[in-house]
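Grab a pencil and try these exercises on how strands and helices fit together. Have a go at each task before you read its solution.

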Amino acid sequence: MNFLEERIMHDGVVKEGNILKVDSFLNHQLDVELFDQMGAEWKKRFEGIEVNKILTIEASGIGIACIVAKHFGVPVVFAKKTQSVNLDGEMYTAEVESFTHKNKNQVIVSKKFLNENDKILIIDDFLANGCALQGLISIINQSGASVSGIGIAIEKGFQTGGQIIRNMGYKLESLAIVESMDPTTGTVEFRGQ
Ligand code: G4P
């Protein structure tokens, strides 16, 4: 078991509806030392791959991305979520549907911060159905930039996102892949990596 899997076993809480609460260290209270370890691990996994910018999505991705960015020595851009968007041509936009929250958001990134020379590492906290990730990939494609890789903290391996993204040919590195969770016993099983 790696450091993140151990932390999930120790501090994660399995809720009804296949939700894993990790708000004591990943997405409400933030364990910056843990993020630093995650950054070092992704730096190893993306060794030799060119990255000049990290792209994430608000809110929970931002803290992780900032610490990871220190390991890559690159800036972070985060996609903003908005209900309505004034399409004035200055923004790349994509629609993202959340199955967890049952809502739809436009995600936007200013054209100032992404261009065809960029080699992007996408970082996010969770991968479930992959809608957020597909939105970010769409924005990168609109800009002409390329996707160097995708780093996810926790992938829910029993949902479809990971397989869809891997089938698209992207190098997706999830630090913990949850195969199953049981809210009655609180147990979490991980995919061997
Ligand atoms: P998808 O983007 O992979 O399709 O995921 P989905 O729509 O199902 O998830 C929507 C939101 O719920 C995302 O956060 C995602 O990180 C989060 N999420 C999904 N499954 C879990 C889970 O088991 N536990 C926790 N803690 N979060 C989960 P978001 O809406 O972008 O919110 P935030 O980044 O502002 O926190």
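The exercises below go through the sheet first and then one helix; keep in mind that this is a predicted model.

**Exercise 1. Work out which strands stand at the edges of the sheet.**

Step 1: Write down the strand order. Eight strands form an open sheet, and the order is β5-β6-β4-β3-β7-β8-β9-β10.

Step 2: Look at the two ends of that list. β5 and β10 (187–190) each have a single partner strand, so one side of each has no neighbour in the sheet. Those are your edge strands: β5 and β10.

Step 3: Add the twist. From one strand to the next, it averages 25°.

**Exercise 2. The pairing in this sheet is mixed. Find a parallel pair and an antiparallel pair.**

Step 1: Start with β5 (residues 91–98) and β6 (residues 103–110). They run antiparallel and are joined by eight bridges. To see the pairing up close, find Tyr92, which sits opposite Val109 in β6.

Step 2: Check the turn between them. The hairpin of β5 and β6 has four residues between the strands, and Lys102 has a positive phi near 55° there.

Step 3: Now go to β3 (residues 53–57) and β4 (residues 76–82). This pair is parallel, with four bridges. Here, Leu55 has Val77 in β4 as its bridge partner.

**Exercise 3. Check whether the length of α2 agrees or disagrees with 1.5 Å a residue.**

Step 1: Count residues. Helix α2 covers residues 32–45, which is 14 residues.

Step 2: Compare. The expected span is 20 Å, and the end C-alpha atoms lie 20 Å apart, so the two agree.

Step 3: Look at how the helix begins. A side-chain oxygen of Asp31 comes to within 3.1 Å of the backbone nitrogen of Glu33.

**Exercise 4. Decide how the buried residues of α2 are arranged around its axis.**

Step 1: List them. Leu34, Phe35, Met38, Gly39, Glu41 and Trp42 are buried.

Step 2: Look down the axis. The buried residues fall within an arc of 165°, so they line one face of α2. Here's the background: an α-helix has 3.6 residues a turn, so residues three or four places apart point the same way.

Step 3: Check the other side of α2, where Glu33 and Lys44 are exposed.

Step 4: Find the cover. The buried residues of α2 are covered by elements including α1 (3–11), α3 (60–72), β7, β8 and β9. The helix itself lies across β7, β8 and β9, running at about 120° to β9.

Technical notes:
Residues are numbered from 1 along each chain as its sequence is written. This is a predicted model: local features need pLDDT of at least 70, side-chain atom pairs count only at pLDDT 80 or more; totals for chains, interfaces and linings use all residues. Side-chain values use heavy atoms; hydrogens and water are left out. Two strands pair if DSSP finds at least two bridges between them. Helices (H or I, at least four residues) and strands (E, at least two) are DSSP runs, numbered from the N terminus. Axes are lines fitted to C-alpha atoms, for helices over the stretch in contact, and angles run from 0 to 180 degrees between N-to-C directions. Contact means heavy atoms within 4.5 Å. The expected span of a helix is 1.5 Å times one less than its number of residues. Buried means under 20% relative accessible area, exposed over 50%, partly exposed in between (1.4 Å probe, protein chains only). The arc is that of the directions from the helix axis to the C-beta atoms. A polar contact is a pair of N or O atoms within 3.5 Å; within protein, one must be able to donate a hydrogen and the other to accept it, and residues adjacent in sequence count only if both atoms are side-chain atoms.
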